[in-house]
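Let's take a walk through this model, one sheet at a time, and then look at how the chains meet. Keep the viewer open as you read.

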Number of protein chains: 2
Amino acid sequence: MSAKPARIGIIGGGQLGRMFIENAARYGLEIHILEDDPHAPAAQLTHHFVEGSLKDPEAIRSLAAQCDVLTYEIEHIHADVLLELEAEGKTIIPSGRILKTIQDKGLQKSFYKANGIPTSDFKLVGSPSEWREAMLELGGERFAAKSRTGGYDGKGVFLTDLQSITIDPGIIPFEGPTMIEKFVECYKEIAVLVAVGQGGSTAVFPAVDMEFHPVSNLVTYLFTPADIDTSIEEEAQNIALKTVEALGGPGLFAIEFFLDHQKQLWVNEMAPRPHNSAHHSIEACYTSQFDQLLRVLMNWPLGSTDFHQAGIMINLTGPEVGSGDYYLEGQELALQTEGCYVHLYGKAQSKPHRKLGHITVTGPDIETAKQKAELIRDKVFIALR
Amino acid sequence: MSAKPARIGIIGGGQLGRMFIENAARYGLEIHILEDDPHAPAAQLTHHFVEGSLKDPEAIRSLAAQCDVLTYEIEHIHADVLLELEAEGKTIIPSGRILKTIQDKGLQKSFYKANGIPTSDFKLVGSPSEWREAMLELGGERFAAKSRTGGYDGKGVFLTDLQSITIDPGIIPFEGPTMIEKFVECYKEIAVLVAVGQGGSTAVFPAVDMEFHPVSNLVTYLFTPADIDTSIEEEAQNIALKTVEALGGPGLFAIEFFLDHQKQLWVNEMAPRPHNSAHHSIEACYTSQFDQLLRVLMNWPLGSTDFHQAGIMINLTGPEVGSGDYYLEGQELALQTEGCYVHLYGKAQSKPHRKLGHITVTGPDIETAKQKAELIRDKVFIALR
């Protein structure tokens, strides 16, 4: 150490920032957080907190002024100021240029098409009146419509079909620029995380199997190693590598895939940050996703992405009905289960489907981990007080 | 969560408090630290910092006033105020009563003798003039003299022999109440960590082998599983359990043993807190020592003490010569080694033998872990800038 430890700034103070700090703490670095809520999960553990909106360029500039390197833990931030700061010589990872491609689901899909990344066909529309024609042009019956900007955790996504839209266009739930894609009849959803170092080195994590909540569309359950053929895992890893190569800059990227019934892989979407699908890496992998991102930011060598334990992650989300004070029902059982790790993010209040924590269950193999996970699955959950 | 998360107070803001917070962070609790230096390792990560001396009863009372439960990460604190606070109904773990027994190496040894815990013979003396007679009464040639209070990390310990003291009593390095014990010709030093829950449940960790630095007397290298017969490990675990039973209260306790050439175990000393000999538990055990202490403090079920990986710990201490700014030489190599975890405590300056961090190396078995540790052992160390 010296008078000046490295200073890392994170735009966003949610659970991803918090878990980043939990790991970074063991290196004696200095972490700065920008968030509008001083009681946000990451704000509670940070060395320096900047209060301000993630969409306020001046707030982002204030954070940048006190840090050596900047990253973000959420996409919905002011991206243009990142480009300006980069032009002024600031290191921002991933680049604002990459964020702008990913922020807009229309640009993101166009990027996949332009780079030969397999993704379902799509059309960009400007208003609800154009939806039906776009669907007719695409062909087929079922579609996913996604608001081009601002969607998050399943919000801004609408699954529909040509017949429903034809009968009642009034069911369209949002206006404005929208990306409409052909719905992929999905056998499984899997995700692959890739880190790209500042010198261009890459590290690809093993694939994970994801199970989604039918209503909230959040990941509820996640396995690694994934229950897929090795050849499919390799293909997904290759596509993930091709994707980050095309992005052309350092960072940590989570690429989500649909695997259809013909065993064809389709990129659904990607995130330029740590991802819910890789929380198990904290306990199951030699290098967690948060440590891997830290290595990228610090320009340190990337770490092994192998797992030393099989891991299963269960999201802990707010009950569907009601808001307010909450607790972890069944916490005793979780704590009594060997290789079961409770994570609560320190959020003050529960809201329906809000991500409040997760549990990772590890075991020497996936079958043992599944048996443990089954024991706690329905008994450990967020309950309102 | 609710408006009131549990508030844990820690007297002492060193690396043990820091690593406690690193783990506790994942449960969304509130950690308060008392320390005289606002830049101390744990102060950097805490929610609430109380600036004050660990020997000032009023400072300890201030911390207690804002917390639900209190613990300490160092023995050299004002213990009487803990007794007072307990009498007033405060939960302090371990009890001030236990701390007072352990703080004074004379009382500690007397406690072992009174409870049939194997420990080498000793005499208590008041001044250097009494040393020689005590040695004559004990018999034998070699002795360890320990200042009854205030010793730490090998300070206040003097290894000597009857002949040297007879020739030149002036070599005695400290005055005041001293415990003189027969020196145990040691084949190995091992340590066993035990947690005692508030309801009296116990959890015993596997034994670790320790290797000490010949000059600083700090642990430099530590293995688990220990390279000792199962019967000896079981005996050490039984003695550790007997010891904490005799203490009669909750807490996390590290018991250090000498194993002599006749395979006899002798308790050397104990610590009522997380211990340097169990840092590997962070990455190698299902439940780390810090998580186990948290479970005790929160009155949660104790966790499995088993290891899922073999682990080796290497202490990172300040170079013998010089003080000042420092860095981790060879950090790249450490980061490139799979299952190698760097911990730096965020201390501002290096001093000779100061504990500045540690590295844990894990592997599927102890041989693999040793091979990795050998690769980095002499190449990764603290260097002055």
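In this predicted model, strand β7 (residues 142–147) of chain A pairs with β8(A) in the antiparallel sense, over five bridges. Strands here, and helices too, are DSSP runs numbered from the N terminus (E, at least two residues, for strands; H or I, at least four, for helices), and two strands count as paired if DSSP finds at least two bridges between them. If you want one bridge to click on, take A:Ala145, whose partner in β8(A) is A:Phe158.

Now zoom out a little. That pair belongs to an open sheet of four strands in chain A, ordered β6-β9-β7-β8, with antiparallel pairing. The edges are β6 (122–125) and β8 (157–161) of chain A; each has a single partner strand, so one side of each is left without a neighbour in the sheet. On average, neighbouring strands of this sheet are turned by 25 degrees against each other, direction ignored. (Axes are lines fitted to C-alpha atoms, for helices over the stretch in contact, and angles run from 0 to 180 degrees between N-to-C directions.)

Helix α5 (residues 105–114) of chain A packs on this sheet and touches β6, β7, β8 and β9 (178–182) of chain A, where contact means heavy atoms within 4.5 Å. The direction of α5 makes about 145 degrees with that of β6(A). Helix α6 (residues 131–138) of chain A also packs on the sheet, touching β6, β7, β8 and β9 of chain A, and its direction makes about 30 degrees with that of β9(A).

Helix α5 has another link worth a look: the side chains of A:Glu269 and A:Lys105 meet in a salt bridge, 3.8 Å from N to O. (The rule asks for a side-chain nitrogen of Lys or Arg within 4 Å of a carboxyl oxygen of Asp or Glu.) This pair ties together distant parts of the chain, with A:Glu269 in strand β15 (residues 265–271) of chain A and A:Lys105 in helix α5 of chain A, 164 residues apart.

Next comes a parallel sheet. Five strands of chain A make up this open sheet, in the order β3-β2-β1-β4-β5. Its edge strands, β3 (48–51) and β5 of chain A, each pair on one side only. Inside it, β1 (residues 7–11) and β2 (residues 30–35) of chain A run parallel over five bridges, and A:Ile10 has A:Ile33 as its bridge partner in β2(A).

A couple of backbone details follow. Most residues other than glycine have a negative phi, and most peptide bonds are trans. A cis peptide bond joins A:Ile93 and A:Pro94, with omega about -10 degrees; A:Pro94 sits in the loop between β5 (91–92) and α4 (96–103) of chain A. Another cis bond joins A:Thr224 and A:Pro225, with omega about 5 degrees.

Finally, the partner chain. In the interface, 41 residues of chain B are in contact with 41 residues of chain A. Together they bury about 3800 Å², 52% of it on carbon and sulfur atoms; buried area is the accessible area (1.4 Å probe) lost on being put together, summed over both parts. The rule finds zero salt bridges across this interface.

As for conventions, residues are numbered from 1 along each chain as its sequence is written, and chains are lettered from A and ligands numbered from 1 in the order in which they are written. Local features need pLDDT of at least 70, side-chain atom pairs count only at pLDDT 80 or more, totals for chains, interfaces and linings use all residues, and side-chain values use heavy atoms, with hydrogens and water left out.

Terms used
Buried area is the accessible area (1.4 Å probe) that two parts lose on being put together, summed over both.
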